[in-house]
Structures are given as structure tokens and as C-alpha cells.
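I opened the model to look up how the ligand is held and how the strands beside it are paired. My entries follow in the order in which I checked them.

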Amino acid sequence: MYDFQPDSDLDPAERYRQLADAADALTNGEIDAIANMANIAALMWEFIPDLNWAGFYRVVSNREEADELVLGPFVGRPACIRIPFHQGVCGTAAASGETQLVHDVHAFAGHIACDAASRSELVVPIRVSGAVKAVIDLDSPMAGRFTGDDAAGVERLAETIADRI
Ligand code: SME
């Protein structure tokens, strides 16, 4: 049995440090990307409060050989399967390679609503050798849920797991 539980009353930096350590321990030595993303989605769900969706979209070439995002392992309600680059918060993060911290999804032009309960969103690209390989997507039902601390913590997680997904 795996028992990775965040300690209670942690400040965000320490909580994200423990999350990165747990993800490192859980994926160490495992080469199956789907298994690793599935376990990391479960860890994000356990460690990050006030989420309604936590998971991955992977960069995949479509039939026209253009890159798009395809749904990966997640926790939450069923979600959009394919997202073109430049569309939505995830497609913007993938195309730009930049973290997207959205305080109010209704104010983000082109936001793709997979769960009507979502109010704020954080999307962090995962880079391997400079290229975006996937994005981590977190949704919250609370407006303004995510801060710079969350962005820094999830960016740290993305670096930790980049070569294991
Ligand atoms: N809201 C995202 C789509 C993915 S769902 O939130 C899981 C977007 O605008 O790209």
C-alpha cells in the first residue's frame, strides 16, 4: 500500500515540496508513462486542496501531422479528449510553453469548459529537451484559487517528472 498523505497545516511551499518528493518516490524506476501520470494525478488530488479536476494532456501528432493535446490520466469528471494548440487554457500553455494562471476562467477568451463547476485554472507545460511533451492541468471550483506559489510548486513537480511521463 502506498500512503502518501500531506501533513496538515502546511504552507504551500512545503506542501508542494512534499508533493514533488512523493511523485519522485512513486515514479522512481518505473518507465511506464501512463502508470506514472495516473499516480501523479492521484497525488495532486491528495496534496492540492480545493480542486475539481487534476490531470494531464499529452502532446500528440494528429493525422495532419499537426501537434494537438490529447487527454491523459486524470482525477475528476470526464473531459474534452482533444484540444488543438492555441485553443483554451491548455492549448495556450502548450503552444507558448508558458504557465497559464487563470483567476477567472470566464474572463479567459477561448476557455474550454469541461466541467461547468470550474472557476479558476492552472496549466503548466512539461518540457523535455526544450519541447513541450505534456501539460499538467488543475481546475478549481473557487475563483482565484491559484497563486504564484501554486504555479511555482507545479512547475517544480513538472521538472521532477519530465523524464518519467
Ligand atoms: N479548461 C481547459 C480544458 C481542459 S478541462 O479543464 C479538464 C482549457 O480551457 O484548455
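I began with the polar contacts of the ligand, a polar contact being a pair of N or O atoms within 3.5 Å, and found a polar side-chain atom of His111 at 3.4 Å from a nitrogen atom of the ligand. A backbone N or O atom of Ile112 lies 2.7 Å from a nitrogen atom of the ligand, and an N or O atom in the side chain of Asp139 is 2.7 Å from an oxygen atom of the ligand. On its own the ligand has 310 Å² of accessible area (Shrake-Rupley method, 1.4 Å probe), of which the protein covers 100%.

I note for the record that this is a predicted model, in which local features need pLDDT of at least 70 and side-chain atom pairs count only at pLDDT 80 or more, whereas totals for chains, interfaces and linings use all residues. Residues are numbered from 1 along each chain as its sequence is written, and side-chain values use heavy atoms, with hydrogens and water left out.

Next I asked where the ligand sits. It is in the largest cavity, a cavity being a set of points on a 1 Å grid over the protein atoms alone where a 1.4 Å probe fits but cannot get out; a molecule sits in one if more than half of its atoms lie within 2 Å of its grid points. β1, α3 (88–96) and β6 are the elements that give two or more residues to the shell, with α3 supplying the largest share, three residues. Helices (H or I, at least four residues) and strands (E, at least two) are DSSP runs numbered from the N terminus.

I then listed the 13 residues around the ligand, of which Val89, Cys90, Ile112, Glu121 and Asp139 come nearest; a residue counts if one of its heavy atoms lies within 4 Å. By class I find eight nonpolar, two polar and three charged residues in this shell.

Finally I traced the strand pairing, for which DSSP must find at least two bridges. β1 (residues 53–61) is antiparallel to β6 (residues 131–140) over six bridges, with Phe56 opposite Ile136. β1 also pairs with β2 (residues 67–76) in the antiparallel sense, over eight bridges, and here Val60 is matched with Glu68 and Arg58 with Val70. Five residues separate β1 and β2 in their hairpin, and Glu65 in the turn has a positive phi of about 65°. Val70 also stands opposite Arg82 in β3.

Key. Polar contact = N/O pair within 3.5 Å; in protein donor to acceptor, adjacent residues only side chain to side chain. 1 Å grid on protein atoms, 1.4 Å probe; cavity = no way out; pocket = protein on both sides within 12 Å on 5 of 7 lines; lining within 4 Å. Nonpolar A, V, L, I, M, F, W, Y, C, P; charged D, E, K, R; others polar.
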